[in-house]
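Reader: I've got a structure open and I'd like to learn how to read it. Can we go through it together, starting with how two helices pack?

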Amino acid sequence: MNQNEDVLTSIEAAEKRTPSIPDTLPVLALRDIVIFPHMIFPVLIGRASSLKAVAAALEKDKYVMLLSQKEAQVDEPTFADMYEHGTVAKVLQVLRLPNNLLKVLVEGLFPAKIKKQVSTEPYLKATLSPLPVTFDATDQHVQALVRHASDLFEEYVKEHRNLPPEVLGAFENLDDPVRKLFYAAANVQQKVEVKQKILSAQGIENQYVELIQLISNELEMLRLEAEIDTKVQDQIQKSQRKYFIQEQIRALQKELGDDDDGGAELSNLRDQLDAAGLPEGVRTKVMEEFDRLKKTPSMSPEYSVNRTWLEMVASLPWSTRTTDTMDVRHVSQILEEDHYDLEKPKQRILEYISVLNLVGSMRGQILCFSGPPGVGKTSLAKSIARALGRNFVRISLGGVRDESEIRGHRRTYIGALPGKIIQAMKRAGSVNPVILLDEVDKMSMDFRGDPSAALLEVLDPEQNNAFNDHYLEVDYDLSNVLFIATANVKYDIPAPLLDRLEVIDINSYLEPDKVQIAKRHILPKLIERHGLQGFNISFTDGALQRIVREYTREAGVRNLERELASILRKLATNIVTETSKQTRKTKSKSTVGIRETAEFKKLKRRSWKVDEAHIADYLRAPRFKEKDQELSNKVGVATGLAWTSVGGDTLPVEVTFMPGPEKLTLTGKLGEVMKESAMAALSFLRSNYERYGMDPEATKGKEIHVHVPEGAIPKDGPSAGITMTLAILSAATGKPLRGNVAMTGEVTLRGQVLPIGGLNEKLLAAKRAGMKTVMVPDANRSDVDELQKGLTDGLEIVYVKSIDDAIPVAFVGAKSKPPSKSARPTRTAQPKSGKPGVKAGKKSSRGATRR
């Protein structure tokens, strides 16, 4: 038989395998399966269209076209949702199941391809094109493919755990290469889209190539799985063996009474514990835990917990301390170098050093620096640590709302850690550091506890020598620590915590102070930071004053530092630009950096002076301008003074009477206390109509509207009482108030003016606004005497005890006041000045708040 006869024989065999069937058949969609020719497979059918397709096949010749879905999630597939290559099959048996389901046994006959879509209703129907698989039985290439695929499939069945040996036996009994192809493809476990490539391939050679690639990939995956499984089993056996040997060693050690620490790691940990200098009571507890650790298997979760605890205990400073600098003169020099003014906190530190010189040790030193942002509270604490020669650690408490942040979590929790205090001591490395509790007034509380309550033990000198952290569960001595807290508003600190603090007020800086701070501290630091050291850069006092007055309006110096940095950046840009320009002119090609060029060195010798006229060129238009129109005399408008956590400000109050219902309307986003002050002011004036020359009918049929401008800013506090009283009186009588007079004070229903707080910031705001006279409660006279030098220069301070004292000062043209038992107002243009840096303390209220 020649080669042509062999090909004809293969074609005839293929024709026998492709019986005469209709060209148009019902289409049955399959989920998650590909049915190959010569397979007999049960299919579960439940969709209405599929049931109708099977019924149509049973009524005729029982032939259907089987197509696999591309996405199994599609419930009602169309031709677009199915592959176009499939298998023509014959329905062998149908079994009805409950719930209108059919179990259909089908036998795949030959592969085919959709030629034309006939219909989609009531079931899918299509015209198909048979794809008979033909080959040359004598083709060595085909024989090699069949043999290679057979070897791979045999190896695959042996490697696969879920395929029984009978699968391989049935495969070996097949002689037809086509049957071998589809039998192997059907038994390889893989996704639909991968198996579908075998049906879609053209020709038996391409189909065998797809099969070989599929089996090869699966064999590689099986080998990797076996390798991973072997490694896991080996690791488990190794761990079990190690554990068994360790238990035997422990049993032998126990039998022999050997006290070996259990290895080099535990021996090293024991050395660390011995060197830590633990107190006797703590050492007893630690040694108990260490003995428990030695008896605990290393694979036990408790082992890592105990070991971490012991390492934390060993890393804490129990007896290591730094030597304090006892030279008062040296400490004073360092504090003066780092900060300008701030005499009161500096004096307090010098007192602390003096007492240390006398007694050797001192407890109960818990300071709290209270003041607006940017006045140097945090940097002062760093300077104190440097002056004392102590380590410095900062703890930020802003936003802390969990008590465990302070005391830590108990060891029973996974990932438990000590609290911020113990962690700070670990970072400090000594028992006597300076610990800064920053923003202590901004802690909050929720269902997890109150962190401020946890700080009570930390900051109590009678208790903190035995501070107990939840994680450590042993007493730790904090009595040698110098705690320094900072706060913007001391009245936001809980009362029990505030009782444990020695509060030192750091008030706003005056304009001359800011100029000196800029010259002594800010400019040298910024010049070095911007790489301008060596240049002859200078700022005139007038330039600095203009920046302070027109470009910053703050209590501290942070914005001043930003503006100065902006000017220095522009100077740096000018220097670099000028250097590049000169380099291009000389056409010099230097390979060195710009700082080494001759042009740069020439610019260094120039004088770079910034005077008042240059400020607008560098910083553009001023951000703040004096508003002279606010100082004009007006009816129903009085100027009050407010104090906030960021400094002082003026607080104008406007009052108008208009026809309407008899009521008091308050606007300007006022708080409850401020609203009550307005009500008290109105009630006082109504009860004293004749005394102040008011028309008894002035408020009848009138609505009184009190408004405080800048309505988007919340305001509260009782210190605007005197301002509201005089503004209402002015509106009722039609007499104007002096525009250059500011006032502050709480008013009672009897017209008495009560003391207020934040006087330093309020007077500074009045001076900045151009006020000439300021009325303050007579009870604040001692606070005025302790103000900084220069704060009251140019201001006339008038002390008032009641509204009667305020009327002659506030109203235009008032020459006398109504009769009153109170003393006449006392005026002073230059009150006695106390020590520089001593700030006014608050009395009974916080004053108006604008936030």
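Author: Sure! Keep in mind that this is a predicted model. Start with handedness: here H24 passes H27 in a right-handed crossing.

Reader: Which residues of H24 and H27 meet there?

Author: From H24 come Ile722, Thr725, Leu726 and Leu729, and they meet Ile803, Ala806, Ile807 and Ala810 of H27. Sorted by class, that contact has 7 nonpolar residues, 1 polar and no charged ones.

Reader: And at what angle do H24 and H27 pack?

Author: About 60°, with the axes 11 Å apart. Angles from 65 to 115 degrees would count as roughly perpendicular, and H24 and H27 are therefore oblique to each other.

Reader: Okay, next topic: cores. Which residues touch the most other members in the largest nonpolar core?

Author: That core has 57 residues, and the ones touching the most other members are Ile384, Ile537, Phe539, Leu564, Ile567 and Leu568. Helix H20, residues 558–586, gives the most to this core, with 8 residues. Try clicking on Ile537: leaving aside neighbours within four places in sequence, Ile537 is in contact with Ile527, Leu532, Leu568, Leu571 and Trp608. There's also a second, separate core of 53 residues, including Met312, Ile421, Met443 and Leu497.

Reader: Last one. Why is helix H16 described as largely enclosed?

Author: Count its buried residues: 6 of the 8 in H16 (residues 451–458) are buried, so the rest of the structure largely encloses this helix. The buried ones are Pro451, Ser452, Ala454, Leu455, Glu457 and Val458.

Reader: What do the buried residues of H16 pack against?

Author: Helices H14, H15 and H17, plus strands E9, E10 and E12.

Note on methods. Residues numbered from 1 in each chain as written. Predicted model: local features only at pLDDT ≥ 70, side-chain atom pairs only at ≥ 80, totals over all residues. Heavy atoms only, no water. Axes fitted to C-alpha atoms, helices over the stretch in contact; angles between N-to-C directions. Helix = DSSP H or I, 4+ residues; strand = E, 2+ residues; numbered from the N terminus. Parallel < 35°, antiparallel > 145°, perpendicular 65-115°, else oblique. Left-handed = near helix turned anticlockwise from the far one by under 90°. Contact = heavy atoms within 4.5 Å. Nonpolar A, V, L, I, M, F, W, Y, C, P; charged D, E, K, R; others polar. Core = buried A, V, L, I, M, F, W, Y, C linked by side-chain atoms within 4.5 Å. Buried < 20%, exposed > 50% of the residue type's maximum accessible area, 1.4 Å probe, protein only.
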